[in-house]
Amino acid sequence: HPQDTLNLLNIHFSLFNKIVVQNNGFVDKYIGDEIMALFGDSNEKLSITAFNAINTAIQMQNSLEIKKTDDISFNLNIGIGIHIGKVIIGTVGSEDRMDSTVVGDAVNISSRLQELTKKYNSKILISGVTWRILNKNNNNILAREINKIKLRGSSKPITVFEIYNNDTKDIIDYKKNTQNIYNAALDCYYNKKWSKSIKMFEQCLNIYPNDTIVKMHLHECNNMITKESLKKELNK
């Protein structure tokens, strides 16, 4: 029912708005069922801005889990994308209708990351830039590199990390325990060492067969091996 959908969105929007404000951010606009929030200003250290944005995302996901236990009908899943970069805030529109808006590559990149959460089955995706800026000491933010991806509208590939604090305990343990072998497999993947990469990724899958990201990498490695052997055949 449309009214129920509106009520559901509004309950969550007011909840999310509170979380954003508590973490020194502000909600810039609501676009359908999306929220666009901004963090940081010229006086704030970038590492603090990165922490506030990521912490907001983790708390938003936590708040959904709490809502789910309160009421079964609140079964919402959300994906969040985070990127740090320069934006321009200004007014756009015509004489009849003006609106303030934020423009810049950073806006597009965070929006693309949000879209990718569905593909990678991740709750929170952040850019490599955001991960580099974050001060890793004294906070318990858990991240795993996913891939280097050329996003629509950005000139060079960006590195994408998933934040997995909101996974269940057993999945968190699995991702922590396989971090080294996973990173080594990813490294081989970047360097086109497909067979080596497959071996290591398969060790991860043996432990947790539902790892969407590992399955995607394996699929890609197998594709590349097939392509390369076809090339060899044709060039004989």
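Reader: What phi does N121 take, just after α3?
Author: In this predicted model, N121, which comes just after helix α3, takes a positive phi of about 55°; helices here are DSSP runs of H or I with at least four residues, strands are runs of E with at least two, and both are numbered from the N terminus. Residues are numbered from 1 along each chain as its sequence is written, local features need pLDDT of at least 70, side-chain atom pairs count only at pLDDT 80 or more, totals for chains, interfaces and linings use all residues, and side-chain values use heavy atoms, with hydrogens and water left out.

Reader: Why does the span of α3 agree with what we'd expect?
Author: Helix α3 (residues 105–120) has 16 residues, which at 1.5 Å a residue should span 22 Å, and the span agrees because its end C-alpha atoms are 22 Å apart; the expected span is 1.5 Å times one less than the number of residues.

Reader: And which residues of α3 are buried?
Author: The buried ones, meaning under 20% relative accessible area with a 1.4 Å probe and protein chains only, are A106, V107, I109, S110, R112, L113, Q114, L116, T117 and Y120.

Reader: Switching to α7, what covers its buried residues?
Author: The cover includes α5 (169–177), α6 (179–190) and α8 (212–235), and the buried residues of α7 themselves are W194, S197, I198, M200, F201, C204 and L205.

Reader: How many residues does α7 have, and how far does it reach?
Author: Helix α7 (residues 194–207) has 14 residues and reaches 20 Å from its first C-alpha to its last, close to the 20 Å expected.

Note on methods. Buried means under 20% relative accessible area, exposed over 50%, partly exposed in between (1.4 Å probe, protein chains only). Contact means heavy atoms within 4.5 Å.
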